[in-house]
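Me: Please take me closely through one part of this structure, and then set that part against the rest of the chain. I should like the terms explained as they arise.

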Amino acid sequence: MAVEEAVVSFVIERLGDLLINEAKFLYGVKSQVENAKIKLECMRAFLKDADASVRNGDERVRLLVVQVRENSYALEDVIETYIFKVALKKNKGVISVLKRSVCIFKRGVDVHRVGAKIEEISSNIDTWTLELQKYGVTKSMDNAADQTCSSYVQEQRELRRTYSHFGETDVVGLTKDIEELVQHLTVKEIPYKHRVISICGMGGLGKTTLARKVYNHPRVRTHFDCFAWAAISQQCVVRDVWEEILISLSSPTEEKLKEIKSMSDKTEEMLKVAFLPQDETDSKILLTTRVKNVALRVDQNGLIHVPRCLNDDESWKLFQKKCSCIGKDPTTSRDIEKMEVLGREMLRNCSGLPLAITVLSGLLSKKPTLNEWEEMKGNVLRYISNGKENSDSEYDGVSWVLSLSYNDLPYYLKPCFLYLARYPEDATIQVKELCLMLIAEGFISPRRRSTETIEDVAYDYLSQLVERSMVQVDNWSLRGRMKTFHIHDLMRDLCVSKAEDENFLQFIDLRNKVEDEPLRSVSTVVRRVAIYFDPVDDFSRFVDSKNSSLRCVTIDLRSSKKQVMRRVFNSFFMLRVLNLSFSWHKEVKLPKEIGKLIHLRLVSIRGVSITKIPSSIGNLRCLQTLKLALGRSKVVPSVIWKLEQLRHLHFVYVGIGEFEWLKTSLRSPNIRNLQTLTGVSTECFDYNDLLQLKKLKKLAIHLGEDLKRIYHDSPSVTFDCLRHLKLYYYKDDGIDIMMCSKGGFPQLESLIIRHLPNLEEWKVEEGALSSLLFLSVEYCLKLRKLPDGLRYITTLEEMKIVYMSREFKERVEEGGEDFYKVRHIPSRLFLKCDH
């Protein structure tokens, strides 16, 4: 229920931003907006106690709180729609609007009507505040904002310092299962006895954890030549699954990858036959499923393995691996003994299910005192009692703890968790991408009295979801930061249900819709929608729904209709986040109508090549992140560099062309906050201008003739904050010698050198690249050896050599004459080095 507290808090902050930064737009209604902000601040003080009343079943309070949430949304809508209409009154962009705003208001915007509507909502909030007091809800003295200040965060980090990420080593009770399955997969005496091995059991039993342990087991990895891991959800697209498997097994080049993406349905059928294990092969399939009949349908003669639930001692052992707060608070040994008794009592309600145990331990890891554990036990009993009426008996051991874990979240984490409902089942979630969307939505705010960036705050919020075991990390960077994670399907079911109940987000998957099946309608009050389409007609019906409240639209459309983007741009004017994904890979011009969506903070368009970006994109003055694929002929207006809020700019190459639009553009003082710049060329801008981007952390550039300047400048003018650098060059000419000077790129952690066809010598001085963790050298066929200076870079953790000559590989491998340069690097990987 604390979503209401989150909504109110975010609307308060948004109103504050408008009053400070958009004062000219609010001419005539500024006092009403200020008054509404005060009313909301008063209401917020009652919401924490109202949450407790709702948990105790007070339906009257619940209905009032829902009204508060919806009217907070309505207030934001009224004000932002007002600003939107003012901005569009003249068709000359936002800068023109700022100069003429007073004149525009006098020409016809109904200031009185808008002001009256704001006052009406404020009056309603006043009334509901009094009603809450009448029902016994009291004002909390806690300041919600204090939970996001630096001192509070530091206290929480002290509690989390001993936290150990739940990973591959944190499993209990699976040793015999792993050994048995590995034996069946690798035994050579009866190679065809079990071609398909299925792990069956209920959700939360640990099937995927067991499968991953077996999949990565050393004996399995050395027994088979190649491997593929695929997640098959209830709404999966079969073609995508086969593509994923083929790509994993073949490690294709970029050209081969394009062939795979464009393969015909006939080729797809051939792949199915090729991948299914036959009698004459040693190939095996390891399958996880909840339904035994699914396993039997794949192979009636296959082996079916059913993991058991954990016993009491194993449950406690797993709990201890995750919950490390026992004894960390200054408590007596007697309190610790009581906490163990309480913990074991609560664990018995988990029915030995690893997912339930892990989530409960994540809950209690945030509560270091005996009093908090006693309170949690009462909550456990209440949730179990409340859930028995409508629960599925098979999942009694896990459903209560999932609901409890959600309701225990602080207000600022609930929107972060509910946002996960936009992803399909079994999706791999990119942490950086999710952080940028949460920031664009306004769910992340800078911490008071802190030097952290807003991206750091977003990452910390997601880390807290991991610590609570509400999501599981898949991949970590060499720096120990999360790269991707996923959400268990049972936890996702809860997430989707809560998101729809709160009108927060609606997820619709129509990719496998049965013919003539009625289209699920989009709610007219939901704020976010994620829809995965197949038929174009369904998309048309969605656009026609005209939900003017939408803040975020995610559309995955398998269509070749070129009017899709234009229809979206003409339908949802309040959007802050726009994610469009197509599968038709054609070149198109970005419609000029995108300039109408002046509230956009994040735009990501995939699956098409953009040949022209209209100048109307200059209207998107709030834009923070832009991700586009550019076609061979590129027209990008220089007005893009006037977007003061722009922090992340991703251009993906689809062919190489001229970038005249970039010349002199980097001199604009408006883009000094840029942190990410990818897909640009050094031939089109002044290098000294690039050096002015002091906050730049990630840079991917196509190298021109001035490559040497990047490596010969003194440390004082190189990129002090840069952490990720990717260099590539696809022309036949180019530089033949590259130098990394002492002290250069002091913060660089990742360096990728790709396709430098004439590079013959690379020099690295001692003291250069002093923080480097990852190095990849690819397609540099004239390069005969690695630089001697690599042996001084002691921070290196991983090196990848791809598509290099056989001679190069032999020099670098153990026993080769250059091995001494890289012997200190723990991970050395060679791929396709046979040229």
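Reply: Two strands are said to pair if DSSP finds at least two bridges between them. Helices (H or I, at least four residues) and strands (E, at least two) are DSSP runs, numbered from the N terminus. The model is predicted, so local features need pLDDT of at least 70 and side-chain atom pairs pLDDT 80 or more, whereas totals for chains, interfaces and linings use all residues. Residues are numbered from 1 along each chain as its sequence is written, and side-chain values use heavy atoms, without hydrogens and water.

The part chosen is the region of strand β5. Here an open sheet of 3 strands is arranged in the order β4-β6-β5, and its pairing is antiparallel. The edges are taken by β4 (429-430) and β5, each of which pairs on one side only. Strand β6 (residues 482-486) runs antiparallel to β5, to which it is joined by 4 bridges. Within this pairing, V473 of β5 faces F485 in β6.

F485 leads from the sheet to the interior. A residue is called buried under 20% relative accessible area, exposed over 50% and partly exposed in between (1.4 Å probe, protein chains only). A nonpolar core is a set of buried Ala, Val, Leu, Ile, Met, Phe, Trp, Tyr and Cys residues joined through side-chain atoms within 4.5 Å. The largest such core has 121 residues, and F485 is named with F417, L420 and L434 as having the most contacts inside it. A contact means heavy atoms within 4.5 Å. Apart from neighbours within four places in sequence, L434 contacts Y419, L420, Y423, I429, L462 and F485. A second core, separate from the first, has 87 residues, among them L696, C740, W762 and F830. In soluble globular proteins, nonpolar side chains tend to be buried together.

L434 belongs to helix α20 (residues 431-441), a mostly covered helix in which 10 of the 11 residues are buried. The buried positions include the charged-type letters E433 and E441 beside V431, L434, C435 and L436. After α20 comes G442, which has a positive phi near 90°.

On the other side of the sequence from β6, the loop between α21 (454-467) and β5 (472-476) holds S469. S469 counts as buried because its relative accessible area is 3%. Its contacts, not counting residues up to four places away in sequence, are K322, T358, V359, G362 and M491. G362 is 107 residues away along the chain, yet the C-alpha atoms of S469 and G362 are separated by 5.3 Å.

M491, touched by S469, is one of the buried residues of helix α22, together with D489, L490, R492, L494, C495, V496 and A499. The expected span of a helix is 1.5 Å times one less than its number of residues. For the 13 residues of α22 (residues 489-501) this gives 18 Å, which agrees with the 18 Å between the end C-alpha atoms. N503 follows α22 and has a positive phi near 55°.

G362 lies within α16 (354-364), and the loop between α15 (333-347) and α16 contains S351. Although S351 is not a glycine, its phi is positive, near 55°. S351 is partly exposed, because its relative accessible area is 43%. F745 is another residue that has a positive phi without being a glycine, at about 50°. It is placed in the loop between β19 (737-740) and β20 (750-754). F745 is buried, because its relative accessible area is 4%.

A parallel sheet may be set beside the antiparallel one. In this open sheet, 3 strands follow the order β2-β1-β3 with parallel pairing. β2 (285-289) and β3 (303-305) are at the edges with a single partner strand each, so one side of each has no neighbour in the sheet. Axes are lines fitted to C-alpha atoms (for helices over the stretch in contact), with angles from 0 to 180 degrees between N-to-C directions. Direction ignored, neighbouring strands of this sheet are turned by 25° against each other on average. β1 (residues 196-200) pairs with β3 over 3 bridges, and I199 stands opposite H305 in β3. Helix α8 (residues 207-215) lies across β1, β2 and β3 at about 165° to β2.

The chain as a whole has 28 helices and 24 strands. Of its 835 residues, 53% are buried. Among contacts with a separation of 6 or more, 67% join residues 24 or more positions apart.
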